[in-house]
Amino acid sequence: MASHRRPKQPSRARVTVLTTAAAAAVVLSSQAANAAPSQKLTKDEVKSKVDKLYEEAEQATETFNGAQEKQEKLQKEISTIQDNVARGQADLNELRDSMGLAAAAQYRTGSIDSSLQLLLSSNPDDFLDKASAADQLSAQQVEALKKIQEKQRQLAQQRTEASGKLKDLATTRTELGKKKKEVQAKLAEARKLLNTLTAKEKASLAAADTRASRDAGQRVDLGDAPTGSGRAMAAFQAAQSQLGKPYHYGSTGTAMYDCSGLTSWAYGQAGVGIPRTSEQQANIGTRIYSQSDLKVGDLVFFFNDLHHVGLYAGNGQIIHAPRTGTVVRYESMGTIGGPFMFGVRV
(Lines give C-alpha, C1' and ligand atoms only; values in the text may rest on other atoms or scores of the structure.)
Protein backbone atom coordinates (compact mmCIF):
# COMPACT_ATOMS: atom_id res chain seq x y z
CA MET A 1 0.00 0.00 0.00
CA ALA A 2 1.50 3.34 -1.11
CA SER A 3 2.37 5.75 1.61
CA HIS A 4 0.98 9.27 1.37
CA ARG A 5 3.12 12.04 2.76
CA ARG A 6 1.86 15.54 3.38
CA PRO A 7 3.56 17.96 1.00
CA LYS A 8 6.25 20.11 2.63
CA GLN A 9 5.04 23.65 3.19
CA PRO A 10 7.29 26.51 2.05
CA SER A 11 8.96 28.42 4.82
CA ARG A 12 7.50 31.75 5.88
CA ALA A 13 10.67 33.54 4.71
CA ARG A 14 10.44 31.95 1.27
CA VAL A 15 6.77 32.91 0.96
CA THR A 16 7.63 36.48 1.85
CA VAL A 17 10.40 36.68 -0.79
CA LEU A 18 8.18 35.22 -3.48
CA THR A 19 5.29 37.51 -2.59
CA THR A 20 7.55 40.58 -2.68
CA ALA A 21 9.06 39.56 -6.02
CA ALA A 22 5.62 38.99 -7.49
CA ALA A 23 4.41 42.38 -6.28
CA ALA A 24 7.46 44.08 -7.74
CA ALA A 25 6.90 42.36 -11.07
CA VAL A 26 3.32 43.59 -11.13
CA VAL A 27 4.40 47.16 -10.35
CA LEU A 28 7.14 47.15 -13.01
CA SER A 29 4.76 45.62 -15.52
CA SER A 30 2.20 48.29 -14.75
CA GLN A 31 4.80 51.06 -15.07
CA ALA A 32 6.00 49.71 -18.39
CA ALA A 33 2.45 49.59 -19.68
CA ASN A 34 1.70 53.13 -18.59
CA ALA A 35 5.05 54.74 -19.53
CA ALA A 36 5.06 56.90 -22.61
CA PRO A 37 7.43 55.65 -25.29
CA SER A 38 10.63 57.69 -25.61
CA GLN A 39 10.26 60.26 -28.34
CA LYS A 40 12.98 61.34 -30.74
CA LEU A 41 13.70 65.05 -30.63
CA THR A 42 12.56 67.01 -33.66
CA LYS A 43 15.03 68.84 -35.85
CA ASP A 44 14.04 72.18 -34.31
CA GLU A 45 14.41 70.83 -30.77
CA VAL A 46 17.84 69.47 -31.59
CA LYS A 47 18.84 72.80 -33.15
CA SER A 48 17.64 74.68 -30.07
CA LYS A 49 19.64 72.45 -27.73
CA VAL A 50 22.71 72.56 -29.96
CA ASP A 51 22.57 76.36 -30.22
CA LYS A 52 22.43 76.55 -26.41
CA LEU A 53 25.44 74.24 -26.13
CA TYR A 54 27.34 76.37 -28.64
CA GLU A 55 26.53 79.48 -26.61
CA GLU A 56 27.79 77.81 -23.43
CA ALA A 57 30.90 76.67 -25.29
CA GLU A 58 31.53 80.25 -26.41
CA GLN A 59 31.18 81.50 -22.83
CA ALA A 60 33.77 78.95 -21.74
CA THR A 61 35.93 79.91 -24.73
CA GLU A 62 36.18 83.53 -23.62
CA THR A 63 37.26 82.39 -20.15
CA PHE A 64 39.73 80.04 -21.84
CA ASN A 65 41.06 82.95 -23.91
CA GLY A 66 41.52 85.07 -20.79
CA ALA A 67 43.44 82.31 -19.04
CA GLN A 68 45.56 81.74 -22.13
CA GLU A 69 46.40 85.45 -22.35
CA LYS A 70 47.27 85.54 -18.65
CA GLN A 71 49.50 82.50 -19.08
CA GLU A 72 51.41 84.12 -21.92
CA LYS A 73 51.80 87.35 -19.94
CA LEU A 74 53.06 85.51 -16.86
CA GLN A 75 55.54 83.50 -18.93
CA LYS A 76 56.98 86.73 -20.37
CA GLU A 77 57.15 88.36 -16.94
CA ILE A 78 58.85 85.33 -15.40
CA SER A 79 61.35 85.19 -18.25
CA THR A 80 62.17 88.90 -17.76
CA ILE A 81 62.61 88.47 -14.01
CA GLN A 82 64.82 85.42 -14.48
CA ASP A 83 66.98 87.35 -16.95
CA ASN A 84 67.24 90.22 -14.46
CA VAL A 85 68.20 87.81 -11.68
CA ALA A 86 70.91 86.27 -13.86
CA ARG A 87 72.33 89.70 -14.73
CA GLY A 88 72.04 90.82 -11.10
CA GLN A 89 73.88 87.75 -9.88
CA ALA A 90 76.64 88.43 -12.41
CA ASP A 91 76.90 92.04 -11.17
CA LEU A 92 77.00 90.83 -7.57
CA ASN A 93 79.76 88.36 -8.37
CA GLU A 94 81.71 91.12 -10.10
CA LEU A 95 81.36 93.42 -7.08
CA ARG A 96 82.53 90.67 -4.76
CA ASP A 97 85.44 89.86 -7.06
CA SER A 98 86.55 93.49 -7.08
CA MET A 99 86.43 93.60 -3.29
CA GLY A 100 88.36 90.36 -3.19
CA LEU A 101 91.09 91.87 -5.38
CA ALA A 102 91.29 94.83 -3.02
CA ALA A 103 91.62 92.50 -0.07
CA ALA A 104 94.31 90.49 -1.85
CA ALA A 105 96.30 93.64 -2.56
CA GLN A 106 96.13 94.63 1.11
CA TYR A 107 97.15 91.13 2.13
CA ARG A 108 100.24 91.30 -0.08
CA THR A 109 101.27 94.57 1.56
CA GLY A 110 100.42 93.20 4.96
CA SER A 111 97.72 95.80 5.60
CA ILE A 112 94.54 93.66 5.51
CA ASP A 113 92.39 94.23 8.55
CA SER A 114 89.52 92.43 10.26
CA SER A 115 86.95 94.63 8.55
CA LEU A 116 87.87 93.31 5.11
CA GLN A 117 87.83 89.77 6.42
CA LEU A 118 84.26 90.37 7.52
CA LEU A 119 83.52 91.99 4.18
CA LEU A 120 84.47 88.83 2.32
CA SER A 121 82.18 86.72 4.45
CA SER A 122 78.91 85.34 3.06
CA ASN A 123 76.81 87.94 4.89
CA PRO A 124 78.12 91.51 4.48
CA ASP A 125 74.82 92.87 5.83
CA ASP A 126 75.90 91.89 9.33
CA PHE A 127 79.12 93.71 8.80
CA LEU A 128 77.46 96.96 7.74
CA ASP A 129 75.32 96.83 10.85
CA LYS A 130 78.44 97.06 12.97
CA ALA A 131 79.31 100.74 12.96
CA SER A 132 82.65 100.27 14.67
CA ALA A 133 83.78 97.91 11.94
CA ALA A 134 82.45 100.17 9.20
CA ASP A 135 84.50 103.04 10.57
CA GLN A 136 87.63 101.04 9.81
CA LEU A 137 86.80 100.95 6.08
CA SER A 138 87.67 103.55 3.53
CA ALA A 139 84.84 105.52 1.92
CA GLN A 140 85.38 103.55 -1.30
CA GLN A 141 85.09 100.24 0.52
CA VAL A 142 81.94 101.31 2.32
CA GLU A 143 80.33 102.33 -0.98
CA ALA A 144 81.23 98.98 -2.52
CA LEU A 145 79.72 97.15 0.43
CA LYS A 146 76.52 99.14 0.15
CA LYS A 147 76.26 98.22 -3.53
CA ILE A 148 76.65 94.55 -2.66
CA GLN A 149 74.02 94.84 0.04
CA GLU A 150 71.54 96.58 -2.29
CA LYS A 151 72.16 94.08 -5.07
CA GLN A 152 71.47 91.21 -2.66
CA ARG A 153 68.22 92.81 -1.60
CA GLN A 154 67.14 93.28 -5.22
CA LEU A 155 67.93 89.68 -6.07
CA ALA A 156 66.00 88.39 -3.06
CA GLN A 157 62.99 90.53 -4.01
CA GLN A 158 63.12 89.40 -7.65
CA ARG A 159 63.38 85.75 -6.67
CA THR A 160 60.36 86.12 -4.37
CA GLU A 161 58.42 87.82 -7.18
CA ALA A 162 59.36 85.07 -9.63
CA SER A 163 58.27 82.42 -7.14
CA GLY A 164 54.84 84.08 -6.74
CA LYS A 165 54.36 84.37 -10.49
CA LEU A 166 55.32 80.73 -10.99
CA LYS A 167 52.54 79.77 -8.56
CA ASP A 168 50.10 82.00 -10.47
CA LEU A 169 51.23 80.35 -13.69
CA ALA A 170 50.54 76.88 -12.31
CA THR A 171 47.04 77.97 -11.19
CA THR A 172 46.36 79.58 -14.57
CA ARG A 173 47.45 76.47 -16.44
CA THR A 174 45.05 74.40 -14.33
CA GLU A 175 42.19 76.80 -15.12
CA LEU A 176 43.14 76.75 -18.80
CA GLY A 177 42.99 72.96 -18.87
CA LYS A 178 39.59 72.89 -17.15
CA LYS A 179 38.08 75.43 -19.54
CA LYS A 180 39.47 73.60 -22.56
CA LYS A 181 37.84 70.38 -21.35
CA GLU A 182 34.58 72.24 -20.73
CA VAL A 183 34.54 73.65 -24.26
CA GLN A 184 35.35 70.27 -25.76
CA ALA A 185 32.65 68.56 -23.67
CA LYS A 186 30.00 71.05 -24.83
CA LEU A 187 31.01 70.59 -28.46
CA ALA A 188 31.03 66.80 -28.11
CA GLU A 189 27.53 66.91 -26.63
CA ALA A 190 26.37 69.09 -29.52
CA ARG A 191 27.84 66.64 -32.06
CA LYS A 192 26.11 63.76 -30.29
CA LEU A 193 22.76 65.54 -30.58
CA LEU A 194 23.33 66.37 -34.23
CA ASN A 195 24.08 62.72 -34.91
CA THR A 196 20.56 61.82 -33.81
CA LEU A 197 19.20 63.63 -36.89
CA THR A 198 18.54 61.97 -40.21
CA ALA A 199 20.75 62.73 -43.17
CA LYS A 200 17.98 64.88 -44.62
CA GLU A 201 17.62 66.89 -41.40
CA LYS A 202 21.37 67.43 -41.19
CA ALA A 203 21.43 68.61 -44.80
CA SER A 204 18.61 71.06 -44.04
CA LEU A 205 20.51 72.63 -41.14
CA ALA A 206 23.72 72.77 -43.18
CA ALA A 207 21.89 74.48 -46.02
CA ALA A 208 20.54 77.12 -43.62
CA ASP A 209 24.06 77.84 -42.39
CA THR A 210 25.35 78.03 -45.95
CA ARG A 211 22.68 80.57 -46.85
CA ALA A 212 23.57 82.61 -43.77
CA SER A 213 27.25 82.58 -44.68
CA ARG A 214 27.04 84.03 -48.20
CA ASP A 215 29.23 87.01 -48.85
CA ALA A 216 28.17 90.65 -49.03
CA GLY A 217 27.72 90.75 -52.78
CA GLN A 218 25.11 87.99 -52.60
CA ARG A 219 22.89 88.99 -49.73
CA VAL A 220 23.95 91.88 -47.48
CA ASP A 221 22.77 95.45 -47.94
CA LEU A 222 25.00 97.50 -45.67
CA GLY A 223 23.08 100.72 -46.29
CA ASP A 224 24.73 104.08 -45.78
CA ALA A 225 25.68 104.01 -42.08
CA PRO A 226 28.24 106.64 -41.05
CA THR A 227 31.81 105.38 -41.18
CA GLY A 228 34.13 105.34 -38.21
CA SER A 229 37.65 106.70 -37.94
CA GLY A 230 40.34 105.74 -40.42
CA ARG A 231 41.61 102.99 -38.16
CA ALA A 232 38.09 101.70 -37.45
CA MET A 233 37.48 101.44 -41.19
CA ALA A 234 40.83 99.73 -41.70
CA ALA A 235 39.84 97.18 -39.03
CA PHE A 236 36.45 96.67 -40.68
CA GLN A 237 38.05 96.12 -44.10
CA ALA A 238 40.49 93.65 -42.55
CA ALA A 239 37.54 91.72 -41.10
CA GLN A 240 35.84 91.78 -44.52
CA SER A 241 38.91 90.12 -46.01
CA GLN A 242 38.35 87.15 -43.69
CA LEU A 243 34.76 86.38 -44.74
CA GLY A 244 34.34 82.63 -45.10
CA LYS A 245 37.13 81.65 -42.66
CA PRO A 246 35.90 78.97 -40.20
CA TYR A 247 35.18 79.49 -36.52
CA HIS A 248 37.43 77.68 -34.04
CA TYR A 249 37.61 78.36 -30.32
CA GLY A 250 40.81 80.00 -29.10
CA SER A 251 41.90 81.02 -32.63
CA THR A 252 43.07 84.47 -33.74
CA GLY A 253 43.64 83.87 -37.45
CA THR A 254 44.43 83.85 -40.14
CA ALA A 255 43.19 80.35 -40.87
CA MET A 256 40.45 80.32 -38.18
CA TYR A 257 38.91 82.67 -35.62
CA ASP A 258 36.68 82.86 -32.60
CA CYS A 259 34.63 86.02 -32.04
CA SER A 260 37.14 88.09 -30.06
CA GLY A 261 40.00 86.58 -32.03
CA LEU A 262 38.57 88.14 -35.19
CA THR A 263 38.04 91.59 -33.67
CA SER A 264 41.47 91.71 -32.01
CA TRP A 265 43.13 90.55 -35.24
CA ALA A 266 41.21 93.09 -37.35
CA TYR A 267 42.16 96.03 -35.16
CA GLY A 268 45.71 94.74 -35.03
CA GLN A 269 45.84 95.02 -38.83
CA ALA A 270 44.82 98.68 -38.41
CA GLY A 271 47.73 99.27 -36.06
CA VAL A 272 45.59 99.28 -32.91
CA GLY A 273 46.34 96.77 -30.17
CA ILE A 274 43.20 95.76 -28.28
CA PRO A 275 42.77 93.09 -25.58
CA ARG A 276 42.16 89.46 -26.44
CA THR A 277 38.80 88.73 -24.80
CA SER A 278 35.36 90.24 -25.44
CA GLU A 279 34.99 91.23 -21.78
CA GLN A 280 38.26 93.18 -21.90
CA GLN A 281 37.44 94.72 -25.28
CA ALA A 282 34.22 96.13 -23.81
CA ASN A 283 36.26 98.49 -21.63
CA ILE A 284 38.65 100.11 -24.11
CA GLY A 285 36.70 102.98 -25.65
CA THR A 286 33.54 105.06 -25.67
CA ARG A 287 30.36 103.06 -25.17
CA ILE A 288 27.48 103.53 -27.60
CA TYR A 289 24.14 102.35 -26.20
CA SER A 290 21.86 103.20 -29.11
CA GLN A 291 22.09 101.04 -32.22
CA SER A 292 21.18 104.08 -34.34
CA ASP A 293 24.36 105.84 -33.16
CA LEU A 294 26.70 103.04 -34.23
CA LYS A 295 29.31 103.66 -36.93
CA VAL A 296 30.95 101.14 -39.24
CA GLY A 297 33.90 99.58 -37.45
CA ASP A 298 32.52 99.97 -33.92
CA LEU A 299 32.78 96.89 -31.72
CA VAL A 300 29.35 95.50 -30.79
CA PHE A 301 28.65 93.30 -27.76
CA PHE A 302 25.90 90.78 -27.04
CA PHE A 303 24.56 88.81 -24.05
CA ASN A 304 24.57 89.99 -20.45
CA ASP A 305 28.04 88.63 -19.77
CA LEU A 306 29.42 90.18 -23.00
CA HIS A 307 30.74 86.85 -24.26
CA HIS A 308 30.14 87.69 -27.92
CA VAL A 309 31.57 90.53 -29.99
CA GLY A 310 31.61 91.57 -33.65
CA LEU A 311 32.24 94.62 -35.84
CA TYR A 312 29.36 96.86 -36.90
CA ALA A 313 28.89 96.77 -40.68
CA GLY A 314 25.89 99.09 -41.15
CA ASN A 315 22.16 98.62 -41.70
CA GLY A 316 21.79 96.53 -38.54
CA GLN A 317 24.43 94.03 -39.71
CA ILE A 318 27.69 92.92 -38.14
CA ILE A 319 30.72 90.95 -39.28
CA HIS A 320 31.56 88.26 -36.75
CA ALA A 321 32.76 84.72 -36.15
CA PRO A 322 29.50 83.22 -34.82
CA ARG A 323 30.15 79.76 -33.37
CA THR A 324 31.45 76.26 -34.08
CA GLY A 325 30.29 74.96 -37.44
CA THR A 326 30.03 78.40 -39.04
CA VAL A 327 32.35 80.84 -40.78
CA VAL A 328 33.14 84.55 -40.52
CA ARG A 329 30.09 86.22 -42.01
CA TYR A 330 27.64 89.10 -42.00
CA GLU A 331 24.61 88.66 -39.80
CA SER A 332 21.68 90.73 -38.62
CA MET A 333 22.01 91.91 -35.04
CA GLY A 334 18.51 90.61 -34.41
CA THR A 335 19.49 87.00 -35.11
CA ILE A 336 22.55 86.69 -32.88
CA GLY A 337 20.63 84.82 -30.19
CA GLY A 338 21.31 87.27 -27.38
CA PRO A 339 20.50 90.92 -26.70
CA PHE A 340 22.63 93.78 -28.04
CA MET A 341 24.23 95.38 -24.99
CA PHE A 342 26.23 98.29 -26.41
CA GLY A 343 28.89 99.24 -28.93
CA VAL A 344 32.40 100.48 -28.24
CA ARG A 345 34.13 103.10 -30.36
CA VAL A 346 37.83 102.30 -30.14
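**Note on the predicted model: buried residues and packing**

Phe-301 is buried, with a relative accessible area of 0%. The structure discussed here is a predicted model, and the points below start from this residue before turning to other parts of the chain.

1. **The surroundings of Phe-301.** Phe-301 lies in strand β2, which spans residues 299-302, while Phe-342 belongs to strand β6, residues 340-345. Phe-342 is likewise classed as buried, because its relative accessible area is 5%, against a cut-off of under 20%.

2. **Aromatic pairing.** The whole structure contains 5 aromatic pairs. One of them is formed by Phe-301 and Phe-342, whose rings are tilted, with 5.6 Å from centre to centre and 40° between the planes. Because one partner is in β2 and the other in β6, this pair ties together parts that are 41 residues apart in sequence. Tyr-289 joins Phe-301 and Phe-342 in one aromatic cluster.

3. **Leu-306, in contact with both phenylalanines.** The loop between β2 and β3 holds Leu-306. What does Leu-306 touch, not counting residues up to four places away in sequence? The list consists of Ser-278, Glu-279, Ala-282, Phe-301, Met-341 and Phe-342, so that both members of the tilted pair described above are included. Leu-306 has a relative accessible area of 13% and is therefore buried. Its C-alpha atom is separated by 9.7 Å from that of Thr-277, a residue 29 places away along the chain.

4. **Asp-298, a buried acidic side chain.** Asp-298 is found in the loop between β1 (286-288) and β2. Is this residue buried or exposed? Asp-298 counts as buried, because its relative accessibility is 2%. Its side chain is joined to the side chain of Arg-345 by a polar contact of 2.8 Å. Leaving out residues up to four places away in sequence, Asp-298 also touches Ile-288, Gly-310, Leu-311, Tyr-312 and Val-344, in addition to Arg-345 itself.

5. **Helix α9 and its buried face.** Helix α9 covers residues 230-240, and within this helix Ala-232, Met-233, Ala-235, Phe-236, Ala-238 and Ala-239 are buried. An α-helix has 3.6 residues a turn, so residues three or four places apart point the same way. The buried residues of α9 pack against helix α10 (259-269) and against three strands, namely β3 (308-314), β4 (317-320) and β5 (329-332).

6. **The crossing of α9 and α10.** How do these two helices lie relative to each other? They pack at an angle of about 125°, and their axes are 7 Å apart. The two helices are therefore oblique to each other, and α9 passes α10 in a right-handed crossing. From α9 the contact is made by Arg-231, Ala-232, Ala-235, Ala-238 and Ala-239, and from α10 by Leu-262, Trp-265, Ala-266, Tyr-267 and Gln-269. Among these α9 residues, Ala-232, Ala-235, Ala-238 and Ala-239 are buried.

7. **Ser-264 in α10.** Ser-264 is placed in helix α10. It counts as buried because its relative accessibility is 14%. Which backbone oxygen atoms does the side chain of Ser-264 reach? The side chain of Ser-264 comes to 2.9 Å from the backbone oxygen of Ser-260 and to 3.2 Å from that of Gly-261. Apart from neighbours within four places in sequence, Ser-264 is in contact with Ile-274, Pro-275, Arg-276 and Gln-281.

8. **Leu-205 in α7.** Helix α7, residues 199-212, contains Leu-205. This leucine is buried, with a relative accessible area of 17%. Setting aside neighbours within four places in sequence, Leu-205 is in contact with Lys-43, Lys-47, Leu-194 and Leu-197. The C-alpha atoms of Leu-205 and Asp-44 are 9.4 Å apart, although the two residues are separated by 161 residues along the chain.

9. **The chain as a whole.** The protein has 11 helices and 6 strands. Of its 346 residues, 36% count as buried. Considering contacts between residues at least 6 apart in sequence, 67% join residues at least 24 apart. The pairing of Phe-301 with Phe-342, 41 residues apart, is one example at the level of individual side chains.

Note on methods: Residues are numbered from 1 along each chain as its sequence is written. This is a predicted model: local features need pLDDT of at least 70, side-chain atom pairs count only at pLDDT 80 or more; totals for chains, interfaces and linings use all residues. Side-chain values use heavy atoms; hydrogens and water are left out. Buried means under 20% relative accessible area, exposed over 50%, partly exposed in between (1.4 Å probe, protein chains only). Helices (H or I, at least four residues) and strands (E, at least two) are DSSP runs, numbered from the N terminus. Contact means heavy atoms within 4.5 Å. A polar contact is a pair of N or O atoms within 3.5 Å; within protein, one must be able to donate a hydrogen and the other to accept it, and residues adjacent in sequence count only if both atoms are side-chain atoms. Rings of Phe, Tyr and Trp (its six-membered ring) pair if their centres lie within 6.5 Å; planes under 30 degrees apart count as stacked, over 60 as edge-to-face and the rest as tilted. Axes are lines fitted to C-alpha atoms, for helices over the stretch in contact, and angles run from 0 to 180 degrees between N-to-C directions. Angles under 35 degrees count as roughly parallel, over 145 as roughly antiparallel, 65 to 115 as roughly perpendicular and the rest as oblique. A crossing is left-handed if the near helix is turned anticlockwise from the far one by less than a right angle, and right-handed if clockwise.
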